[in-house]
Amino acid sequence: MSEQDVTRRNFMIRTIIGIGAFIGVAISVPLAGFGILPVLRKRDAGWSDAGTAADLLTDEPQERRFFQMVKSGWQEERMERTVWLVRKADGSVTAFSPNCPHLGCGYRWFSQDKQFKCPCHASFFDIDGKVIAGPAPRALDTLPAKIESGKVLVKFEIFQVGTAKKTAA
Ligand code: FES
């Protein structure tokens with residue numbers, strides 16, 4: 001075998017390896033982009049419009065439904081959410097997650113008793129979310145909330161239930 005044949009064979013082998021590597025990269029980059037990265041990205045959501053502030057009465061909690069736009073990778077989903085809003089005499093607003101921190105049931109406000117009550121296992125909370133009675137291991141979960149241009153804005157989040165510490169789910 002001549003030296004020229006060996007060089008030509010080396011060239012062919014390197015060319016085939018190079019083409020194989022190029023095809024491998026060309027296939028794996030989009031796959032990583034569409035399949036893996038969105039899963040690794042944390043869901044990211046900003047402030048959501050939870051309606052007008054004008055009809056919130058002082059110390060009279062009100063349940064509000066609104067839509068939150070949730071980004072997950074390149075996708076954006078419209079999720080229906082609920083919060084309990086409490087307006088205080090100083091004009092500030094507190095937003096509570098709608099799920100009882102015991103096992104996640106929905107609770108309601110009872111004006112006559114001035115308490116939030118969870119029907120599942122009878123956890124009761126005061127207007128500031130503190131536990132008055134029942135198995136709830138922590139106070140109602142607050143959410144970042146503010147009033148801007150007459151609107152209540154909320155950063156909605158979901159928390160783990162059944163734990164003494166408030167932890168994002
Ligand atoms: S889920 Fe509310 S008390 Fe158990």
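A nonpolar core is here a set of buried Ala, Val, Leu, Ile, Met, Phe, Trp, Tyr and Cys residues joined through side-chain atoms within 4.5 Å. I keep in mind that this is a predicted model.

**Entry 1: cores**

I looked up the largest nonpolar core and found 13 residues in it. Phe66, Val83, Leu85, Leu143, Val152 and Val154 are the members that touch the most other members. I then asked which strands supply at least two residues each to this core. They are strand S3 (75–87), S4 and strand S11 (151–154). Another core lies apart from this one. I count twelve residues for that other core, among them Trp84, Phe96, Tyr107 and Ile127.

**Entry 2: leucine 85**

I took leucine 85 from the list of core members that touch the most others and looked up its contacts, leaving out residues up to four places away in sequence. Leucine 85 touches Val93, Thr94 and Ala95, and also Val152 and Val154. Its other contacts are Ala50, Leu56, Glu60, Pro61, Gln62 and Arg64. Two of these partners, Val152 and Val154, I had already noted among the core members with the most contacts to other members.

**Entry 3: cysteines**

I searched the whole structure for disulfides and found one. Which cysteines form the disulfide? They are cysteine 105 and cysteine 120, with sulfur atoms 1.9 Å apart. The pair links distant parts of the chain, 15 residues apart. Cysteine 105 sits in the loop between strand S4 (93–96) and strand S5 (108–110), and cysteine 120 in the loop between strand S6 (115–118) and strand S7 (123–125). I noted the torsion about the S-S bond as about -95°, so the disulfide is left-handed.

Next I checked accessibility. Is cysteine 105 buried or partly exposed? Cysteine 105 has a relative accessible area of 21%, and buried would need under 20%, so cysteine 105 is partly exposed. Cysteine 120 is also partly exposed, at 37%. I looked at two further cysteines: cysteine 100 is buried at 2% relative accessibility, and cysteine 118 is buried at 3%.

**Entry 4: cavity**

I searched the whole structure for cavities of 30 Å³ or more and found one. The largest cavity has a volume of about 30 Å³. Which residues line the largest cavity? I wrote down Ser97, Asn99, Arg138, Asp141, Ile158, Phe159 and Val161. By class, the lining divides into three nonpolar, two polar and two charged residues.

Note on methods:
Residues are numbered from 1 along each chain as its sequence is written. This is a predicted model: local features need pLDDT of at least 70, side-chain atom pairs count only at pLDDT 80 or more; totals for chains, interfaces and linings use all residues. Side-chain values use heavy atoms; hydrogens and water are left out. On a 1 Å grid over the protein atoms alone, a cavity is a set of points where a 1.4 Å probe fits but cannot get out, and a pocket is an open set with protein on both sides within 12 Å along at least five of seven lines; lining residues have an atom within 4 Å of a point. Grid points are joined across faces, edges and corners, and a volume is the space filled by probe spheres set on the points. Ala, Val, Leu, Ile, Met, Phe, Trp, Tyr, Cys and Pro count as nonpolar, Asp, Glu, Lys and Arg as charged, and the others, Gly among them, as polar. A disulfide is a pair of cysteine sulfur atoms within 2.5 Å. Helices (H or I, at least four residues) and strands (E, at least two) are DSSP runs, numbered from the N terminus. Buried means under 20% relative accessible area, exposed over 50%, partly exposed in between (1.4 Å probe, protein chains only). Contact means heavy atoms within 4.5 Å.
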